[in-house]
Amino acid sequence: MNAMKRYAHIALPLPLNSLFTYRIPDSLADATQPGVRALIQFGKRNLTGYVIALAAETDLEPSLIKNIEDILDEIPAFSAEILELAQWISDYYLCPLGEVLKAMLPAGIKLESERQFRIAPDFDPRLIADWKAGSSRQLEIIDALRQNGQMNFKQLEKALGSKSLSYALRQLMNQKIIETSEEMLAPKVKPKFEKHVRFREAWQNRDAVSSEIDRLRSKYPGRAAILEWLKEKENPVPMRLALKQTGSTSETLKKVVQGGYIEIFDKEVFRDYYQNVPEPPPKLVLNADQKRVLEILSDTLRINEFKAFLLHGVTGSGKTQVYIDALKMALSRGKGAIVLVPEISLTPQTVRRFQSNFPGQVAVLHSRMSPGERYDSWRRLRSGQFKIAVGARSAIFAPIENIGLIVVDEEHEASYKQFETNPLYHARDVAVMRGKLNQAAVILGSATPSSESYHNALNGKYTYLHLPNRIDDIPMPEVKLVDMMREHRVYGFERSKIFSNLLKKKIQEKLELKEQIILLQNRRGYASYLKCKECGYVEECKHCSITLTYHKKHTHLRCHYCGYTKRAPDKCPQCAGLNIQYKGVGTQQVEEELHALFPEARVIRMDLDTTRGKLAHDRIITSFGNGKYDILLGTQMVAKGLDFHRVTLVGVISADTGLLLPDFRAGERTFQLLTQVAGRAGRKERKGEVIIQTHSPGNQCLLFAQKHDFIGYYQSEEKPRKELSYPPFGKLANILFKGPDEAVLIQHATRMAKSIAAYSDKLLLLGPAPSPLFKIENQFRWQIIIKSPRTIDPSGKLLRDAIRAALKADKSPGTQPNLKITVDIDPMSMF
C-alpha cells in the first residue's frame, strides 16, 4: 500500500516545532503508516518518533536523509482521530506536536538512547589537585564521576543538587576531561507474564485424574494434593496460587510436571490497581429532574450529533446517576465513552460505582497507578476489550474508537489543567474538542460551574441542564459564618485559637448523638512558618522564595515546592532568641487540638502526608464510612467525591486560606471549595449543618456560599471581570521565564514583551514582572501576563499568533541553554 510512499514525516518528543523527514526502507514499507512509532537516529541519539504522514517525494538532499531503523507497532499507537486531536492541541496550546503525542501515551513504553558521562580514559586524576582552570561546579562533576564511574544527566543533577550543569559539562567535554556515549534504554513497561499450570491433553478426563490421585495418595500425598486441587479448576491457574493453596513446594510441583500430568506455561496477566469484584449496583429510581435531563441527552445520543451540555446540579442532586444512565444509552448503540473525574475525587468508592454498573467494561487511568497498571489499562482500551475509560486528566487521551459520550465531572476543577510539563492543556476543553471530532455528546457536570462554562451556557455554546434539588428533596444544609476576629476579641485565645465556641459546641453535640463530622483545613503540616518574636526572622527555603512549613511529627521544616527539609531550630538562627512562634495552622495542629478538646473522639486525618501509600486514600475513606472514626479531618481531599450518610456537621477551620491569594480566581475557587465541602453534610433523614470560620465575614464569596447561591456569585463577578478583560470576557496567556541568572531572564522577557506589543496594540500586557513565586529550586521566575478582550479576539487567535511570532523571533533557547520559556494558554493560576 505504501510502495510509492518513500518518506515519512516524523514528530519527535522534543521541544522542536518541526517535523523531520526519514526514508522508509523497503523492508519497513508495509509496516510504516501514520500513527505508528518509529525508532530513528537523531544526531547521535536513538529516539522513538511518531509517524505523522507519508510522502512520495521530498525537496531535501537525499544524502542528508536517514533511514527509519525500525517500526515499533503492528497496530498504530495513534488513530487518525487522535492525530487530528493532537494537532489541535499543538496549535492551540503552542506546544510541539511530538511533545503532545508523547503525553498521550502511557509512560515507559518509549525506546531511546541516553547520554552517559564518564572521565576520559587519558585524563590523569592526579592532575586534579593542581588543576586551577575549572570552576567549583566542574570539580564537583569530576568528583561525582570518579566516585560513580558513569552517570547520566539526571543522576548528576540529583547528586549535585543542581539543574545548572549544562555549561560546566560542555566546558569539561571541550577540554577532553570527560567523554560521553549514547546507550539504548529498554522500555520501562511491557506486558506482564506469569507462570500458570494446567492439565496436559492426555489428562483432561477428570475420572482418570481421580483414579491417579487415589493411586498416588499413600506414597506421594503432596503430588496427590496438587492434582486434587487442580481437578476442581476449569481454567489454568497461577503456579504461585497452586503452591500456596496446597502448601506444596516447587520441587513437589516439578515432580507432578515430570510425571506428565500437568504443564507449566507463561500466560499474560493484566495488572489491576483495584483488584476487586464490585457488588451489583443498587436499583435506583430517577426523580423528575433526572428523567427530564436524560430525555434531552438521549435525543443527542440517538442521532450521533456533537453537542456540549453543562449539567448544573446542586450537591447530592444525582448527577452521577445521570452519567451512568447516559453511558448505558451510548453503549447500547455500540459506542465507547470516557468519564473524567478530578484526581482528588477518583476514589475507589467512585470507581466501584462505575465498575458495578458496567462489569468487565471499565478501565481506570490515574497517576497513583503503577506504569504497568496504566499500560495494561491503555492496551485493553486500544484493543476494544473495554469500552469505558474512567480516569483523571490524561484519560481524555484514552485510545477508544467510536466515542459516543464524554463526561467531565466537577468540570470546574483546576486539576484538569496540566501544570509545568508540556502540553499545558485543559482536559475539559480537550474533551469538548474530542467530542466534536467524534460527533459525540459531552457532559460537563458541576455544582459550581466554572465561570467560563457558565458563560458558554448563557451564550448558547453549551446546552444548559439543571438539577436544582437534592435527591428525595433533602434540604440543603444550613450554613453559619463565624467571625473569628470577634471571637478572639470576646473570648481571647485561652479556650482555643483554632475552634470557635460554636464549632466546639456542635462537635460535642454530634459526638454525643453518634453522628459523624468532616473538618476542612486546606493547609497541611503543623504550622505555615516559624517566626522569631524578638527579631522577626522567618525561616525560608534556601532554594525557593517560600517559607518552610513546620511538621511536628519529625520536628522538621519542609518546603512543599522542592522537598528541602531541615531540623526545626531550638533558637533563632539570626539573633539566638528562644521565643520561636508557630504561625499559621495546618492539619497536624488541628488534629492535636481535637485530641486535647475531645479526647474521646476517634479522629482520622487525610492529607498528602497520610495518603502517600498505595490505596491509603481508600483505607481512610472506607474506615470512616464504616464508622470506625467520628471525625474526618483533612485538606481539600475531604471536599470531593465523598458520600457519607452519617455526616451531619461540616466545619471549615479557616475559609481565608486561599481567599487572599494574588489571583483573580481566588474568590471563585474559595466559593467552589466551600460549596463542595458544605455539600458533604446531610443525607436522607439527617439534616446537615455547616460552620465556616473566617476573618472576612463580609466577603461576597462567603456570603453567596452561605446561601448556596451560584448564580448570584457569578453575577457579582461579571462586572469587574468584564472591565478588566479577565476570563470569561477575555483570553489569557502567561509566559513564564525560568533560569539561574535573573539578569538574563529580565533581558529576554523584556525583549519578548516588546515583540508582542509591537505585533498588535489590541493586546494588554502586564509585565514582565517577578512571578508571585519568585524562585523555585534555585530557578528565578519572571512572567508576562497577556490579555486579549473577547470583543476583538473571541477565539484567542490574535493572542496565540502574537506569542507564536515572538517565540519564532526569539533566539534565546539556542544562546541561553539554561533559560526555559513556558507558554501557558488559558492559565488556571497566576503563580
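These legends walk through several close-up views of a predicted model.

**View 1. Helices α3 and α5 cross each other.**
Two packed helices are described by the angle between their axes and the distance between the axes. Here, helix α3 covers residues 136-148 and helix α5 covers residues 166-174. Their axes come within 9 Å and cross at roughly 75°, so α3 and α5 are roughly perpendicular to each other. On the α3 side, look for Arg-137, Gln-138, Ile-141 and Ile-142. They meet Ala-168, Leu-169, Gln-171 and Leu-172 of α5. Five of the residues in this contact are nonpolar, two are polar and one is charged.

**View 2. Tyr-454, Tyr-464, Phe-710 and Tyr-714 form a cluster linked by ring pairs.**
How many aromatic pairs does the model hold? The count comes to 17 aromatic pairs. One of them joins Tyr-454 and Tyr-464 edge-to-face, with 6.0 Å centre to centre and 75° between the planes. Tyr-454 belongs to helix α15 (residues 451-458) and Tyr-464 to strand β18 (residues 463-467), so this pair ties together parts that are ten residues apart in sequence. Tyr-454 counts as buried, at 7% relative accessibility, whereas Tyr-464 is partly exposed, with a relative accessible area of 31%. Tyr-454 also pairs edge-to-face with Phe-710, at 5.0 Å centre to centre and 90° between the planes. Because Phe-710 lies in helix α22 (residues 710-724) and Tyr-454 in α15, this pair ties together parts that are 256 residues apart in sequence. Both Tyr-454 and Phe-710 are buried.

**View 3. Two arginines lie over the faces of phenylalanine rings.**
Which residue lies over the face of Phe-265? That residue is Arg-198, at 3.8 Å from the ring centre. In the other arrangement, Arg-380 lies over the face of Phe-270, and here the value is 4.2 Å from the ring centre.

**View 4. Helix α12 is mostly covered.**
Helix α12 takes in residues 348-357, and seven of its ten residues are buried. You can pick out the buried residues as Pro-348, Thr-350, Val-351, Phe-354, Gln-355, Ser-356 and Asn-357. What covers the buried residues of α12? The cover includes the helices α11 (319-332) and α19 (616-625). It also includes the strands β13 (336-340), β14 (362-365) and β15 (388-391).

**View 5. Leu-481 sits in strand β19.**
Strand β19 spans residues 478-483. Not counting residues up to four places away in sequence, Leu-481 touches Ile-692, Pro-697, Leu-702, Leu-703 and Gln-706. For a sense of scale, take Asn-148: Leu-481 and Asn-148 are 333 residues apart in sequence and 60 Å apart in space, C-alpha to C-alpha.

**View 6. Ala-103 in helix α2 is in contact with Phe-397 and Pro-423.**
Helix α2 runs over residues 97-104. Within this helix, Ala-103 is partly exposed, with a relative accessible area of 31%. Its contacts with Phe-397 and Pro-423 leave aside neighbours within four places in sequence. Ala-103 and Ser-394 are 291 residues apart in sequence, and their C-alpha atoms are 8.0 Å apart in space. Pro-423 itself lies in the loop between β16 (403-409) and α14 (427-437). A cis peptide bond joins Asn-422 to this proline, with omega about 0°.

**View 7. A cis peptide bond and two positive phi values appear in and after strand β31.**
Most residues other than glycine have a negative phi, and most peptide bonds are trans. With that in mind, start at Gly-767 and Pro-768, which are joined by a cis peptide bond with omega about 10°. Pro-768 is placed in strand β31 (residues 764-776). Then move to Glu-777, in the loop between β31 and β32 (779-789). Its phi is positive, near 50°, in a residue other than glycine. Asn-778 lies in the loop between β31 and β32 and has a positive phi of about 65°, although it is not a glycine. Are these two loop residues buried or partly exposed? Glu-777 counts as partly exposed at 32% relative accessibility, and Asn-778 is partly exposed with a relative accessible area of 31%.

How values were computed: Residues numbered from 1 in each chain as written. Predicted model: local features only at pLDDT ≥ 70, side-chain atom pairs only at ≥ 80, totals over all residues. Heavy atoms only, no water. Axes fitted to C-alpha atoms, helices over the stretch in contact; angles between N-to-C directions. Helix = DSSP H or I, 4+ residues; strand = E, 2+ residues; numbered from the N terminus. Parallel < 35°, antiparallel > 145°, perpendicular 65-115°, else oblique. Contact = heavy atoms within 4.5 Å. Nonpolar A, V, L, I, M, F, W, Y, C, P; charged D, E, K, R; others polar. Phe/Tyr/Trp six-rings, centres within 6.5 Å; stacked < 30°, edge-to-face > 60°. Buried < 20%, exposed > 50% of the residue type's maximum accessible area, 1.4 Å probe, protein only. Lys NZ or Arg CZ within 6 Å of the ring centre and 35° of its normal.
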